[in-house]
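Visitor: I have a new structure open and would like to talk it through with you. Where should we begin?

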Amino acid sequence: MGSVALASGAAWVLAGNDTGTMVTASPRLYPHMWSWDAAFIMVGLAQLDVDRAAREMETLLSGQWADGMIPHIVFSEENGYFPGPDRWQTAVVCEHAPARPHTSGICQPPVHAIALRKIVDAGRRRSGADRRRAESLLHYSWPRLFAWQRWLATYRDPLGTGLIAVTHGWESGMDNSPRWDSAYAAVQPGADLPPYVRKDLDKVGDEGERPTDAEYDRYLWLIEEMRRVGYRPDEVVRTGSFLVGDVFMTALFALSCEVLAELGEEGGQPEEQIAQLRRWAARSRAAVLDTRDPVTGLARDYDVRAGQWVSTPSIAGFAPLLCGGLDPQQQAEMLAVLEGPDWMGHPDLVVATPPTVSPSSPHFMPKQYWRGPQWPVISWLFSWAMRRGGMYDTAADIRAETLRLVSDGTFAEYYHPLTGAPLGSLSQSWTAAVVLDWLY
Ligand code: 9YW
């Protein structure tokens, strides 16, 4: 499919998934708004319609909790997804959760400042009306996104080092990555886990592309623990069975603090808050660099409950390339590993983009969600951050290769790295959105 057809296909996917106030993550599998999906969707919408992109941000922020957390799901009126509002019961047990819209009780990676950057830039390039809309969105969203970054800095830095922790694998956005296997192995679902019925398996034909039932029991048990402590963020961190310093999330936190600080300067926001963002960014950037494995040089997660590093290699190992901070020599070395034969340069890959797990790794499962497939949205994120960090050649290569991968026009959630076959949900909004950004 050529670029024009691909761009119109992508716009058509976003329009098809648009309920009017939210573009759902996908048509059937995920009929709600996911926090980090929404940010990437805004990046795509910004190219088509600044006002529609701004409304997407407003919908997301209508679900923000009073303490600043942006929840990982803002629910639509659909009930085709489990766990839905009845299972989470956030507004029933937690005073910070809004009564409406219904929301989940955990978060996802903070990439929203990137979306705001894109909307503001698109607005400034366009007509007076678009420019005014973008500037007023900046004015409205900036304090709210500041409160979100502050929530992470306040509640999710259990070691006090700037390494941002997740309390559920879902918070990382990489649900069943082998990064979380050891931490999940220590989660013992209680005998009193209320029964449940999964809905995802009806919608994805091949169960081998989705997490297993044993994984789902643990996902649901962690939610049950949180519900029982009323989703109080300090209690969840103090008592939950799962607490892992997430190096990928931390890099995105640092990156977003910087981007938000820049937007704050342009928008005349309070100097003290801008300075605070820069301090958080510097601390978390240093925390990311401190996680590097002395042997492989790759960044690692830290299991706070077990008190140990998680050395399972995954795409998260390249987190320093997202937030910066490496010296030129170290950066060149890390890029060489990423582009080398274990990762993007693996001879069996159909396209040279980062797989979520190296095909050389014993953990590699080419169809299994976050255990090997290539995710166009992750490629976009690396490409965007690399351009910002001056790594122009790799950024351009990842863009070109991902466009080759998605030229089948299915806009799949993820792709089989050894065959290029589309996997998971088709017409996935964030895949369409990042393609649009690249083609405009
Ligand atoms: C689920 C919506 C979400 C993404 C996550 C991805 C998946 C939801 O879909 O999780 O129920 O499995 O792992 O990153 O936000 O696209």
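Guide: Let us begin with a term: a residue counts as buried when its relative accessible area is under 20%. This is a predicted model, and in it buried residues make up 62% of the 440 residues in the protein.

Visitor: Okay, and why would one call the radius of gyration in agreement with a compact globule?
Guide: For 440 residues a compact globule would be expected to have a radius of gyration near 22 Å, and the protein has 20 Å, which agrees. The C-alpha trace spans about 55 × 50 × 45 Å along its principal axes.

Visitor: How many helices and strands are there?
Guide: The secondary structure comes to 18 helices and 8 strands. Of the contacts with a separation of 6 or more, 71% are accounted for by residues 24 or more positions apart.

Visitor: Switching topic, how many aromatic pairs does the count come to?
Guide: The count comes to 31 aromatic pairs. W170 and Y219 form one that is tilted, with 5.2 Å centre to centre and 50° between the planes.

Visitor: Where do those two sit in the chain?
Guide: W170 lies in the loop between β3 (165-166) and α8 (181-185), whereas Y219 belongs to helix α10 (residues 213-228), so the pair links distant parts of the chain, 49 residues apart.

Visitor: And is W170 buried or exposed?
Guide: W170 has a relative accessible area of 3%, under the 20% cut-off, and is therefore buried. Y219, at 1% relative accessibility, also counts as buried.

Visitor: Which residues form the aromatic cluster?
Guide: One aromatic cluster is formed by W36, F40, Y369, W370, W375, W380, W384, Y414 and W430.

Methods
Residues are numbered from 1 along each chain as its sequence is written. This is a predicted model: local features need pLDDT of at least 70, side-chain atom pairs count only at pLDDT 80 or more; totals for chains, interfaces and linings use all residues. Side-chain values use heavy atoms; hydrogens and water are left out. Helices (H or I, at least four residues) and strands (E, at least two) are DSSP runs, numbered from the N terminus. The radius of gyration is taken over C-alpha atoms; the globule rule is 2.2 Å times the number of residues to the power 0.38. Buried means under 20% relative accessible area, exposed over 50%, partly exposed in between (1.4 Å probe, protein chains only). Contact means heavy atoms within 4.5 Å. Rings of Phe, Tyr and Trp (its six-membered ring) pair if their centres lie within 6.5 Å; planes under 30 degrees apart count as stacked, over 60 as edge-to-face and the rest as tilted.
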